[in-house]
Amino acid sequence: MLANLINGISLGSVYAIIALGYTMVYGIAKMLNFAHGDVIMVGAYVAFCAITGLGWPPILAVLASVAVCTVLGIIIEGLAYKPLRNATSLAVLITAIGVSYFLQNAALLIWTSNTKVFPNIFADLPALQLGSTQVAPVTLITVLANIVIMLALTFFTSKTKMGKAMRAVSEDKGAATLMGINVNRTISMTFAIGSGLAAIAGVLLCTAYPTLMPTTGAMPGIKAFTAAVFGGIGSIPGAMLGGVLLGVIEIFGKAYISTQLSDAIVFAVLIIVLLVKPTGLLGRKVREKV
Amino acid sequence: MKKKVLAMVMSAVLGVSMLGGCTDAASTGGSDAGTSGTTDGGESAGSDAGSNAGGETKEGVEESVPEQESVGGKLTGTLNLGMIGPLTGAAAIYGNAVKNGEQIAVDEINAISSDFQIQYNPQDDEHDAEKSVNAYNNLKDWNVQVIAGTVTTTPCVAVSAEANNDRIFMLTPSASSPDVVNGKDNVFQVCFADPNQGSASAKYIKDNNMATKVAIIYNNADAYSTGIYQTFNAKAGELGLEVVSTTTFTDDTANDFSVQLGDAQSAGADLVFLPIYYQPASLILQQASSMGYAPKFFGVDGMDGILTMEGFDASLAEGVILLTPFSADATDDLTKSFVGKYESGYGETPNQFAADGYDCPYAIYRALQFYADKNGDLDVTGKSAEEICTILISVFTNPNFSYDGVTGSGMVWTANGEVNKDPKAVVIQNGVYVGL
C-alpha cells in the first residue's frame with residue numbers, strides 16, 4: 001500500500017513537472033503546445049550527450065539542456081507560432097502537432113532510433129528508507145523540484161513586472177497592447193520559460209525511467225496534458241495536483257484492479273471529473289464577457 | 001538585436017551538430033534483429049490462401065521418405081536461386097541483411113567446387129504484398145528454380161500462395177508467422193515460428209530446473225509478446241511449471257513497472273519471464289534492481305539488443321538468460337567465420353536476419369547434396385522448378401535430413417514447414433553473451 005503510494009507519487013510527480021510547462025503556456029498564450037513533450041525529449045537528449053558524450057558533470061549538463069531548450073522554445077515560437085498569432089486556434093493546434101512531428105523526426109536523424117539509456121545522475125545520493133519501502137532519490141528531487149517550480153512560477157506571475165504582463169496578455173491581448181505591453185515579447189518569454197522547464201522535466205523523466213528515444217516525450221506529454229486538464233488547465237497548483245493524482249490513480253488502478261486496464265481507469269476518472277467539474281479540480285470559472 | 005538572434009541561432013546549430021556527433025561512435029552494431037522479425041507475425045493477415053493445394057501433392061512426399069543407403073551421387077549444374085525482400089523502403093534493413101547473408105553463403109558455396117554453382121537473383125518488394133508478387137513473376141521469367149525468401153511475413157503469405165500453385169520451392173529465412181507455411185507443402189521456414197518460442201522457453205526452464213515459481217510480464221498490446229505468452233503459459237501448465245503472477249503493460253504504460261514487479265515479488269516468483277522487446281526489458285531490470293528484487297530474468301529473441309543500448313549499465317543484465325537463434329558474439333567457428341566475413345564485407349555486425357539469410361542457401365545446398373547422396377547423381381541444370389520442388393520437399397520432410405547452421409544446430413523440418421531446432425540459450429556474463 002505504502003509502496004504503491006510512493007510509486008504513484010513518483011510517477012505523478014514526473015507528470016506534474018511536465019504538466020507545469022503545459023499549463024503555463026496554455027494559461028498565458030492560450031494555446032496547446034503539443035510539441036511540449038518533444039521539447040522534453042530534446043532536453044533529455046542534450047543532457048544525455050553532455051553527460052555521456054562530453055563528460056560534463058550533471059549540473060552543467062542540466063544547465064546546458066535548459067539553455068538549449070530555452071533557445072529552441074524561442075525559435076519554435078518565432079518560426080511556427082508567431083506568424084499565426086491572429087489565426088484560428090485550430091490552425092495553431094495543427095501547427096503544434098506539426099512541430100511535434102518535426103522535432104521527433106529531427107531527433108531521429110540526429111540521434112538515430114537506437115534506444116539510449118539515460119545515466120542515473122543521482123546515483124550518489126542515498127535512498128530514503130520508509131519502513132520496508134525505499135524512496136528513490138529521483139522521486140524526492142522530482143517532488144522537491146515540482147514544489148520549487150510551482151512556487152517560483154506563482155511568485156513570478158503574481159509579483160514581477162514580466163509576470164504581470166503575462167497575466168495581462170492572457171486576459172486580453174488587445175487591451176494589453178494598448179497598455180504598452182509588448183505582446184509578442186511576452187509570449188516569446190512564456191515559451192522560453194516553458195521550454196526551459198521542459199528541459200528540467202526531461203532530465204527528471206529520463207532519470208526516473210531511463211530509456212531515451214525520439215518518441216520518449218510523446219506519451220508522457222499526453223499524460224501530462226491530461227493531468228493539466230484534470231487539475232484545471234491554466235492553474236499552476238492545479239497542474240501539480242493533477243499530475244500527482246494521475247500517477248497515484250494509475251498505479252493504484254494497476255495494483256488493485258487490473259494491469260490491463262490502467263489507462264482506461266485513468267481516463268475514466270478524467271471523464272468523471274470533467275463531467276462534475278468541467279474546469280478541472282482547481283480551474284477558475286471564467287465568466288464569458290458579453 | 002538582429003545580430004544577437006543570429007548569434008543565438010548559430011550557437012544553437014553548432015551545439016546540436018556537436019551533440020549529434022557524440023552518438024555516432026556508440027551506435028554501431030545495434031541489432032534489432034529479433035525485435036522486428038517477430039513483429040511481422042502480428043501484422044500478417046490470417047490468410048490461409050493456398051491451403052487446398054497442400055493435400056493433393058503430399059503423396060509425392062511420402063514415397064521418398066523410406067530409409068535409403070548412401071549411393072554417393074554427385075551434385076552438379078547451376079541452380080537459379082531467387083530471393084525476394086524489402087531492399088528499399090522502411091523495412092529495407094531486414095531485406096538487405098538477408099540479402100547480404102545469402103550472398104555470403106552463395107559465394108562460399110560457389111567457391112567449394114565449380115561443378116555446382118548458384119546464380120543468385122535478389123528482387124525488391126518494398127515490404128508490399130503486391131510488389132512482392134510482381135517480383136515473384138520477374139523471378140519466374142528468369143526461370144527461377146528455388147526461392148530463398150521472402151523476408152517479411154505479409155508479402156510472404158501472398159507469394160507463398162502463388163509459389164504453392166506453381167510448385168516452386170520456397171525457404172523463407174525470416175517470415176515467422178504460421179500463416180506463411182500453413183497448408184503449403186512447399187514452403188519452409190528457417191526462423192522459429194513466433195509461438196514456438198514460448199513453448200521452447202517453458203520447456204527450457206522446466207528441463208533445467210531453473211525455477212519453481214514463475215512470473216510473467218508481457219505487453220498485451222503486441223501480438224508478438226502476447227503470442228509467446230500464450231504458448232508459454234499453455235506449455236507451463238502442461239509441464240507443471242507454476243506461474244504465480246501474470247501482469248501486463250502496453251506501449252503507452254511501458255514506463256513504470258513497479259506494480260508488476262511488486263506483484264511478482266510478493267508472489268515469491270524466483271524467475272521472471274519477459275517475452276518482450278529489450279527497451280521495456282531494460283526498464284524492468286533497472287527498476288527491479290532499485291527495488292532490491294533479484295529473481296532470474298528469462299527473455300526471448302526480442303531481448304537481443306539490450307547490450308547494444310547506448311549507456312545501458314550492463315551489470316543490470318548480469319545473469320539474464322535469453323533464448324535466441326543467433327548471437328553474433330557466439331564463439332563457435334561457424335558463427336565466427338560468418339560474422340567476420342559479414343563485418344569485413346558490409347561494415348556492420350550481422351543481425352539475426354543476416355544469419356537466417358546465411359542459413360537459407362546452405363540448407364538448400366545441403367538438401368540437394370543429401371538427395372544426390374541417396375539417389376545418385378543430380379544435375380540441376382535445366383531441371384524444372386517443379387522437379388526441384390519435389391526433390392526438396394522429399395528431403396526437407398525426411399527425418400534423416402538435418403542441417404547445422406549459424407541459427408541453430410540439428411535443424412529438422414516438420415511436414416508443415418516449421419523448423420525444429422534447439423534454441424540457443426545464452427546467459428549474459430560480464431556484458432557478453434555466454435552460451436549455456
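This report walks through a predicted model of two chains, A and B, from their overall make-up to a few chosen details.

## The two chains at a glance

Let's start with chain A. It holds 11 helices and 4 strands, and of its 290 residues, 52% count as buried. Among the contacts in chain A with a separation of 6 or more, 76% are between residues 24 or more positions apart.

Chain B has 14 helices and 16 strands. Its buried residues make up 55% of a total of 436. For contacts in chain B with a separation of 6 or more, residues 24 or more positions apart account for 74%.

## Where the chains meet

How many residues of each chain are in contact with the other chain? The contact involves 33 residues of chain A and 33 residues of chain B. On the chain A side, at least two residues each come from helix 1 (2-29), helix 2 (36-53), helix 3 (58-81), helix 4 (89-111), strand 1 (116-117), helix 10 (236-257) and helix 11 (262-276). That side of chain A divides into 19 nonpolar, 11 polar and 3 charged residues.

A:Ser262, in helix 11 of chain A, gives us a single residue to look at. Is A:Ser262 buried or exposed? A:Ser262 has 24 C-beta neighbours inside 10 Å, and the cut-off for a buried residue is 20 or more, so A:Ser262 counts as buried. Leaving out residues up to four places away in sequence, A:Ser262 touches A:Glu250, A:Gly253 and A:Lys254, as well as B:Thr253 from the other chain. Try finding A:Phe252 too: this residue is 10 residues from A:Ser262 along the chain, and their C-alpha atoms are separated by 8.4 Å.

## Two crossing helices in chain A

Helix 1 of chain A packs against helix 9 (residues 218-231) of chain A. Two packed helices are described by the angle between their axes and the distance between the axes. Here the angle is about 70° and the axes are 8 Å apart. Angles of 65 to 115 degrees count as roughly perpendicular, and helix 1 and helix 9 of chain A are therefore roughly perpendicular to each other.

From helix 1 of chain A, the residues making this contact include A:Val14, A:Tyr15 and A:Ile18, while those from helix 9 of chain A include A:Pro220, A:Lys223 and A:Phe225. The residues of the contact divide into 11 nonpolar, 3 polar and 1 charged.

## The nonpolar cores

In soluble globular proteins, nonpolar side chains tend to be buried together. The largest nonpolar core in this model has 143 residues, and A:Leu20 and A:Ala44 touch the most other members. Helix 1 of chain A gives the most to this core, with 17 residues.

What does A:Leu20 touch, not counting residues up to four places away in sequence? The list is A:Ile149, A:Met150, A:Leu153, A:Leu197, A:Ile236, A:Ala239 and A:Met240. Apart from the largest core lies another, of 77 residues, among them B:Val159, B:Val181, B:Ala328 and B:Val395.

## A seven-stranded sheet in chain B

Now move to chain B, where 7 strands form an open sheet with mixed pairing, in the order 7-6-8-9-10-15-16. Strand 7 (242-249) and strand 16 (432-435) of chain B are at the edges; each has a single partner strand, so one side of each is left without a neighbour in the sheet. From one strand to the next, the twist averages 25°. Helix 8 (residues 196-207) of chain B packs on this sheet, and the strands it touches include strand 6 (213-219) and strand 10 of chain B; the helix direction makes about 135° with that of strand 10.

Two pairs show what "mixed" looks like. Strand 6 and strand 7 of chain B pair in the parallel sense over 7 bridges, with B:Thr247 as the bridge partner of B:Ile217. Strand 10 (residues 321-324) and strand 15 (residues 424-429) of chain B pair in the antiparallel sense over 4 bridges, and B:Leu322 stands opposite B:Val426. Strand 6 of chain B is largely enclosed by the rest of the structure, because 6 of its 7 residues are buried.

## A three-stranded sheet in chain B

Another open sheet in chain B has 3 strands, in the order 12-13-14, with antiparallel pairing. Strand 12 (403-405) and strand 14 (419-420) of chain B stand at its edges. Strand 12 and strand 13 (residues 408-413) of chain B are joined over 2 bridges, and B:Tyr403 stands opposite B:Met411.

Key: Residues are numbered from 1 along each chain as its sequence is written. Chains are lettered from A and ligands numbered from 1 in the order in which they are written. This is a predicted model: local features need pLDDT of at least 70, side-chain atom pairs count only at pLDDT 80 or more; totals for chains, interfaces and linings use all residues. Two residues are in contact if their C-beta atoms, placed from the backbone, lie within 7 Å. Ala, Val, Leu, Ile, Met, Phe, Trp, Tyr, Cys and Pro count as nonpolar, Asp, Glu, Lys and Arg as charged, and the others, Gly among them, as polar. Two strands pair if DSSP finds at least two bridges between them. Axes are lines fitted to C-alpha atoms, for helices over the stretch in contact, and angles run from 0 to 180 degrees between N-to-C directions. A residue is buried if 20 or more other C-beta atoms lie within 10 Å of its own, exposed if 12 or fewer, and partly exposed in between; C-beta atoms are placed from the backbone. Angles under 35 degrees count as roughly parallel, over 145 as roughly antiparallel, 65 to 115 as roughly perpendicular and the rest as oblique. A nonpolar core is a set of buried Ala, Val, Leu, Ile, Met, Phe, Trp, Tyr and Cys residues joined through C-beta atoms within 7 Å.
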